[in-house]
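Me: I have a model open and would like a close look at one small part of it, followed by a tour of whatever else is worth inspecting. Could you walk me through it?

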Amino acid sequence: MNHTILVTGGTGFIGSHTTVELINAGYKVVIVDNLSNSNAGVVDGIEKITGVRPAFEQVDCCDVAAMESVFARYPDIGGIIHFAANKAVGESVEKPLMYYRNNLVSLITLLELMPKHGVKGIIFSSSCTVYGQPDPENLPVTEDAPVKPAESPYGNTKQVNEEIIRDYINSGAPVKAILLRYFNPIGSHPTAIIGELPNGVPMNLIPYVTQTAMGIREQLKVFGNDYNTPDGTCIRDYIYVVDLAKAHVKAMERVLDTDSEQLEVFNVGTGRGVSTKEIVDSFEKATGVKVNWTYAPRRSGDVEKVWADPKKANEVLGWKAETSLEDTLKSAWKWQEKLRERGIQ
C-alpha cells in the first residue's frame, strides 16, 4: 500500500486533519488548494505533526488545465478525497451562482480526469444536510432515510454532487466512489498545531463558543429555545474532527484495496444527539471557562434535530467515533489558546 492520495482543500479544517491521518497510515499525499479559505502555513503544521511534508499545489480545482498538470506531475495518484468547496450556508443564499460554479465544476473536473489518469477511487465530502429535517420515525438517521429538499444552495450542491457521482458511475465510468455524509465536525488536533480557523466571524458554533470565551466575540447567541427538544434548543451530532479524518482513511482503504461496490454511502457521526445548550454547558464544565451567551430568536434554515445512526460505518468500514465530547471541547479550547499565543484573533 504505497498509494498517493490527492486531497483537494487539504489546507482546510477537515482536509488538514485528514492529511495527517493519511500520512500516519502510510499514504503519500498531494494537497491541492486555492487558499480561498485557508493558508499555506497549514502545510508546515502537518509536517510538524507527522515529520513528513506533503506535496502542495496552489491550484483551483475548477481549472481543468491546472489540474491536468497536477496529475501529470504526480502520475502515481491512485485516489482522491474531495473537500474543496464553498461551505457557508448564509453566503450560499446570497451568492448561489458562485456556489454552484465552484462546488459542481470542481467535482466534474476531477471525475473527467480520473479515468484519463488511471485514478481508481474518490471519497466525496458530503453532508447530513441532504436529510433536511428527518421525520421522527427516521431518527437517528440511517443512510436509507429520504433525501429532503435542500434548505440552501450549499446543501443543494451536496445533493447534486451526489447525483452527479451516481449518474457518472451508472454510465459505466471505471471509477469507485464513497460518499461520506458528515454530521458536525468540531475540535482540533491534540497537538493544537492545526485546527479550525474561520475567516472573519465564525459561521459554526464551536469557534464562536471559543472566541466568545476568549473575549474576541462579545456574546454568543443561541438561536431558538422553543424547539421540540428537551431544553428547547436544536440538537446535532457533534463529531471530533480527528475521528472524522480517520473515517476517510478507512474509506480510502475500502475503495482502493477491497472488492467493494462501485458506489457506497456512509453516515459519519457519533450516534448521539447533543443540544446547543448542552454544548455550551459541556464546554464550561470541560474547560472551567465561562461563556457569555444569551438566547436569540430562531434562525431561518436551521433544522430542529438530526443525529446519525453510524452502524453501517461501524460495521462495514470498521470505524467508530471514539473521542468523548469533553475531550473534543478541551481540544477546541487548547487550539484557541494556541491562536492567542500566536497573536491570531
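What relative accessibility does T19 have, and does T19 count as buried or exposed?

Reply: Happy to! Please keep in mind that this is a predicted model. T19 has a relative accessibility of 0%, and the cut-off for buried is under 20%, so T19 counts as buried.

Let's start with its surroundings. T19 sits in helix α1, which runs over residues 13-24. Setting aside residues up to four places away in sequence, T19 touches V7, G10, V29, I31, I46 and P54. Two of these partners can be placed by element: V29 and I31 fall within the range of strand β2, 28-32. Another, I46, falls within the range of α2, 41-50.

The burial of T19 fits the picture for its helix, since 11 of the 12 residues of α1 are buried. The buried set is made up of F13, I14, G15, S16, H17, T18, T19, V20, E21, L22 and I23. In general, an α-helix has 3.6 residues a turn, so residues three or four places apart point the same way. In α1, the buried residues come in an unbroken run from F13 to I23. As for its geometry, α1 spans 17 Å from its first C-alpha to its last, close to the 16 Å expected at 1.5 Å a residue. Just after the helix, G26 takes a positive phi of about 100°.

Positive phi values also turn up in residues that are not glycine. As background, most residues other than glycine have a negative phi, and most peptide bonds are trans. L35 has a phi near 60° and belongs to the loop between β2 and α2. L35 is partly exposed, with a relative accessible area of 22%. A192 likewise has a positive phi, of about 60°, but A192 is buried at 1% relative accessible area. The loop that holds A192 lies between β7 (184-186) and α7. A backbone feature of another kind is the cis peptide bond joining L139 and P140, with omega at about -5°. P140 lies in the loop between β5 and α6.

That brings us to β5 itself, which covers residues 121-127 and holds F124. F124 is buried, with a relative accessible area of 3%. Its C-alpha atom is 8.4 Å from that of I80, a residue 44 places away along the chain. Beyond its neighbours within four places in sequence, F124 is in contact with H82, L107, K158, N161, E162, I165, I178, L179 and L180.

Some of those partners lead straight to an enclosed space. Rolling a probe the size of a water molecule over the atoms shows where empty space is left. The search yields one cavity of 30 Å³ or more, and the largest cavity has a volume of about 40 Å³. Its lining is formed by H82, F83, A84, A85, N103, F124, T157, K158 and N161, so F124 itself helps to line this cavity along with its contact partners H82, K158 and N161. Helix α6 (residues 153-170) gives the largest share of the lining, three residues. By class, the lining has four nonpolar, four polar and one charged residues.

For an open site, turn to the second largest pocket, with a volume of about 180 Å³. Its lining has 18 residues, and those closest to the centre are E196, L197, P198, Q211 and L339. The elements that give two or more residues to this lining are α7 (205-214) and α11 (325-341). The lining divides into nine nonpolar, seven polar and two charged residues.

Q336 shows how these two helices meet. Q336 is found in helix α11 and is buried, with a relative accessible area of 5%. Its side chain makes a polar contact of 2.8 Å with the side chain of T210. Leaving aside neighbours within four places in sequence, the contacts of Q336 are P207, T210, Q211, M214 and I216. Among them, Q211 is also one of the residues closest to the centre of the second largest pocket.

Definitions and conventions
Residues are numbered from 1 along each chain as its sequence is written. This is a predicted model: local features need pLDDT of at least 70, side-chain atom pairs count only at pLDDT 80 or more; totals for chains, interfaces and linings use all residues. Side-chain values use heavy atoms; hydrogens and water are left out. On a 1 Å grid over the protein atoms alone, a cavity is a set of points where a 1.4 Å probe fits but cannot get out, and a pocket is an open set with protein on both sides within 12 Å along at least five of seven lines; lining residues have an atom within 4 Å of a point. Grid points are joined across faces, edges and corners, and a volume is the space filled by probe spheres set on the points. Helices (H or I, at least four residues) and strands (E, at least two) are DSSP runs, numbered from the N terminus. Ala, Val, Leu, Ile, Met, Phe, Trp, Tyr, Cys and Pro count as nonpolar, Asp, Glu, Lys and Arg as charged, and the others, Gly among them, as polar. The expected span of a helix is 1.5 Å times one less than its number of residues. Buried means under 20% relative accessible area, exposed over 50%, partly exposed in between (1.4 Å probe, protein chains only). Contact means heavy atoms within 4.5 Å. A polar contact is a pair of N or O atoms within 3.5 Å; within protein, one must be able to donate a hydrogen and the other to accept it, and residues adjacent in sequence count only if both atoms are side-chain atoms.
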